Amino acid sequence: IRVGGPRLSSGINAEYGDSFSKFLFFGTMIRFPRYSDQPKPKSGFLGVVNQAAPKNPVKRAHSMAAPGSAASKKQALLHWCQRMTEGKAHVDIRNFSSSWNNGMAFCALFHHFIPDQIPYDTLDPSNREYNFALAFKEGEKAGVTALLDVEDMVEMKNPEWMSVMTYISLIYNHFNGIRVGGPRLPPMPNQN
């Protein structure tokens, strides 16, 4: 889908220059004009509306995610992580990016389910590489495929949230006996 005038080979719209916002829609880049960059009409209906509009923007209320929506599932998974790691030193889970950047949250999460494999009290938050390696190795031994790479996680200050969330969902599914696309697995022997 192309919006606006002819495109240059660099992807910038020849008619509007770089005054476009870019959005990815099912793998297709869509560019929409940024209305703040467009000249405002001086007369006519829009000119009257612009003059009558309040000078201070109205603050919007934060809406709750609809039950069953992707946003509510993301929040539910985040809340689950918070519950599983509650009381653990050096862990404050607020998101799926920076909260996971030193490996401690991964270790705390796995420690909840496989405490004999993760010596959590001996871990140091500044030893990021060791923490990631331990969590991913022990998680894989427990049956959770290691989707994340230790070196990549160490290089990033804020890991890519979608990758972290995907890995966390594998952990959730594994330890809750859920097989994606299949029947529910029997509970782990140490869970009642």
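# Exercises on a predicted helical model

From the N terminus on, the elements of the chain follow the order β-β-α-α-α-α-α-α. The model is predicted. It contains six helices and two strands. Of the chain's 192 residues, 29% count as buried. Among contacts with a separation of 6 or more, 42% join residues that lie 24 or more positions apart.

## Exercise 1. The span of two helices

Task: Determine how the end-to-end reach of α4 and of α6 compares with the reach expected at 1.5 Å a residue.

Solution.

Step 1. Helix α4 covers residues 128-142, which makes 15 residues. Its first and last C-alpha atoms lie 21 Å apart, close to the expected 21 Å.

Step 2. Helix α6 also calls for a count, and it has 15 residues. These should span 21 Å, and the end C-alpha atoms are 21 Å apart, so the two values agree.

Step 3. Next, consider what comes after each helix. G143 follows α4 and has a positive phi, near 115 degrees. Just after α6, G177 takes a positive phi of about 70 degrees.

## Exercise 2. A positive phi outside glycine

Task: Locate H90 in the chain, and state whether this residue is buried or exposed.

Solution.

Step 1. H90 belongs to the loop between α2 (70-84) and α3.

Step 2. Although H90 is not a glycine, its phi is positive, at about 65 degrees. Most residues other than glycine have a negative phi.

Step 3. The relative accessible area of H90 is 54%; the cut-off for exposed is over 50%, so H90 is exposed.

## Exercise 3. The enclosure of α3

Task: Establish how many residues of α3 are buried, and name them.

Solution.

Step 1. The buried residues of α3 are M104, A105, F106, C107, A108, L109, F110, H111 and F113.

Step 2. This amounts to nine of the ten residues of the helix, and α3 is therefore largely enclosed by the rest of the structure.

Step 3. C107, a residue of helix α3, serves as an example. C107 has a relative accessible area of 0%, so it is buried.

Step 4. Residues up to four places away in sequence are set aside. C107 then touches I118, Y120, L123, N131, L134 and A135. A133 lies 26 residues from C107 along the chain, and their C-alpha atoms are separated by 9.6 Å.

## Exercise 4. The packing of α3 and α4

Task: Describe the geometry of the pair α3 and α4, and identify which residues meet.

Solution.

Step 1. The two helices pack at an angle of about 30 degrees, and their axes are 8 Å apart. The crossing of α3 past α4 is left-handed.

Step 2. From α3, the residues M104, F106, C107 and F110 take part; from α4, they meet N131, F132, L134, A135, F136 and G139.

Step 3. Sorted by class, this contact has eight nonpolar residues, two polar residues and no charged residues.

Step 4. The buried residues of α4 are N131, F132, L134, A135, F136, E138 and G139. Besides α3 (104-113), these buried residues pack against α5 (150-155) and α6 (161-175).

Step 5. N131, in helix α4, deserves separate attention. Its relative accessible area is 0%, and N131 is therefore buried. With neighbours within four places in sequence left aside, N131 is in contact with N102, G103, M104, C107, L123, D124 and P125. N131 and V150, 19 residues apart in sequence, are 9.0 Å apart from C-alpha to C-alpha.

## Exercise 5. A contact between distant parts of the chain

Task: Find which residues L77 touches beyond four places in sequence.

Solution.

Step 1. L77 lies in helix α2. With a relative accessible area of 11%, L77 falls under the 20% cut-off and is therefore buried.

Step 2. Beyond four places in sequence, L77 touches F96, M165, I168, S169 and Y172.

Step 3. M165 is 88 residues from L77 along the chain, and the separation of their C-alpha atoms is 8.2 Å.

Step 4. The buried residues of α6 are V164, M165, Y167, I168, I171, N173 and F175.

## Exercise 6. Cysteines and disulfides

Task: State how many disulfides the structure holds.

Solution.

Step 1. A disulfide is a covalent bond between the sulfur atoms of two cysteines.

Step 2. The structure holds zero disulfides.

Step 3. C81 has a relative accessible area of 0% and is therefore buried. C107 is likewise buried, at 0%.

Note on methods: Residues are numbered from 1 along each chain as its sequence is written. This is a predicted model: local features need pLDDT of at least 70, side-chain atom pairs count only at pLDDT 80 or more; totals for chains, interfaces and linings use all residues. Side-chain values use heavy atoms; hydrogens and water are left out. Helices (H or I, at least four residues) and strands (E, at least two) are DSSP runs, numbered from the N terminus. The expected span of a helix is 1.5 Å times one less than its number of residues. Buried means under 20% relative accessible area, exposed over 50%, partly exposed in between (1.4 Å probe, protein chains only). Contact means heavy atoms within 4.5 Å. A disulfide is a pair of cysteine sulfur atoms within 2.5 Å. Axes are lines fitted to C-alpha atoms, for helices over the stretch in contact, and angles run from 0 to 180 degrees between N-to-C directions. A crossing is left-handed if the near helix is turned anticlockwise from the far one by less than a right angle, and right-handed if clockwise. Ala, Val, Leu, Ile, Met, Phe, Trp, Tyr, Cys and Pro count as nonpolar, Asp, Glu, Lys and Arg as charged, and the others, Gly among them, as polar.
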